[in-house]
Structure formats: C-alpha cells, structure tokens
Amino acid sequence: MNKIQLKEILVNARKDKNLTQNQVALCTDKDISRQYYGMIENGERRPSVEVAKAISVVLDIPWTIFFEVNCNQELQTTNKII
C-alpha cells in the first residue's frame with residue numbers, strides 16, 4: 001500500500017462517519033491536534049501504535065494499516081536489486 005491508498009482509506013472512512021478531521025482528533029482521546037491528524041491522513045506522519053489504535057476505533061479500520069505503507073518504493077526497489 002502507498003500513501004495515496006492510505007489517504008483514500010482514511011478520508012473515506014472519516015466521511016462515511018460524517019466526521020471532520022478535528023472530530024476524529026478529539027474522539028481519539030489521545031490529545032492529538034487536528035493538524036497532526038491531518039498530517040497522518042495525508043501520509044506526512046506515521047502515528048504511534050497507541051494513536052493508531054485510537055484512530056482505528058474511531059474510524060472502524062484495522063490499526064495496522066498505518067504500518068503497511070511503503071514510504072519510498074523507489075529506494076526499496078533499488079535496495080532489492082543491489
């Protein structure tokens with residue numbers, strides 16, 4: 001999975017529940033800001049396991065999804081060839 005796919009999953013799950021980014025952040029009870037959640041949703045930050053689990057409860061998605069993202073596929077491909 002790549003960052004774009006993760007973003008689509010998070011945005012769709014959030015919209016299915018009629019939530020804003022701020023509401024997701026507040027519902028986690030982990031004291032995260034709307035800005036931080038937005039960075040997670042955009043693939044700019046990877047949450048801690050604790051925050052990932054809290055978001056997954058709010059959005060009803062698997063918490064492990066945050067750790068299945070291939071951040072730099074080109075670098076990984078290059079390293080596999082070497």
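A salt bridge, as I'll use the term today, is a side-chain nitrogen of Lys or Arg within 4 Å of a carboxyl oxygen of Asp or Glu. Hi everyone, and please keep in mind throughout that we're looking at a predicted model.

So how many salt bridges does a search of the whole structure find? The count is two, and I'd like to walk you through both.

Let's start with Glu41 and Arg14. Their closest N and O atoms are 2.8 Å apart, which is within the 4 Å limit. If you trace the chain, you'll see that this pair links distant parts of it: Glu41 sits in helix 3 and Arg14 in helix 1, 27 residues apart. For orientation, helix 1 covers residues 3-16.

Now, is Glu41 buried or exposed? Glu41 has a relative accessible area of 2%, so it is buried. Its partner Arg14 comes out at 11% relative accessibility, and because the cut-off for buried is under 20%, Arg14 counts as buried too.

What does Arg14 touch, once we leave out residues up to four places away in sequence? Its contacts are Leu19, Thr20, Gln21, Val24, Tyr37, Leu59 and, of course, Glu41. Hold on to Tyr37 and Leu59, please; they'll come back shortly.

On to the second salt bridge, between Glu50 and Lys30. Here the closest N and O atoms are 3.7 Å apart. This pair also links distant parts of the chain, with Glu50 in helix 4 and Lys30 in the loop between helix 2 (21-27) and helix 3, 20 residues apart. As for the surroundings, Glu50 counts as exposed at 51% relative accessibility, while Lys30 is partly exposed, with a relative accessible area of 33%.

Last stop: how helices 3 and 4 meet. Two packed helices are described by the angle between their axes and the distance between the axes. Helix 3 runs over residues 34-41 and helix 4 over residues 49-59; they pack at an angle of about 85 degrees, and their axes are 13 Å apart. That angle makes helix 3 roughly perpendicular to helix 4.

Which residues make the contact? From helix 3 we have Tyr36, Tyr37 and Ile40, and from helix 4 Val51, Ile55 and Leu59. There are Tyr37 and Leu59 again, both of them touched by Arg14. Sorted by type, the residues of this contact are six nonpolar, no polar and no charged.

That's my tour, and I'm happy to turn the model around for anyone who'd like another look!

How values were computed:
Residues are numbered from 1 along each chain as its sequence is written. This is a predicted model: local features need pLDDT of at least 70, side-chain atom pairs count only at pLDDT 80 or more; totals for chains, interfaces and linings use all residues. Side-chain values use heavy atoms; hydrogens and water are left out. Axes are lines fitted to C-alpha atoms, for helices over the stretch in contact, and angles run from 0 to 180 degrees between N-to-C directions. Helices (H or I, at least four residues) and strands (E, at least two) are DSSP runs, numbered from the N terminus. Angles under 35 degrees count as roughly parallel, over 145 as roughly antiparallel, 65 to 115 as roughly perpendicular and the rest as oblique. Contact means heavy atoms within 4.5 Å. Ala, Val, Leu, Ile, Met, Phe, Trp, Tyr, Cys and Pro count as nonpolar, Asp, Glu, Lys and Arg as charged, and the others, Gly among them, as polar. Buried means under 20% relative accessible area, exposed over 50%, partly exposed in between (1.4 Å probe, protein chains only).
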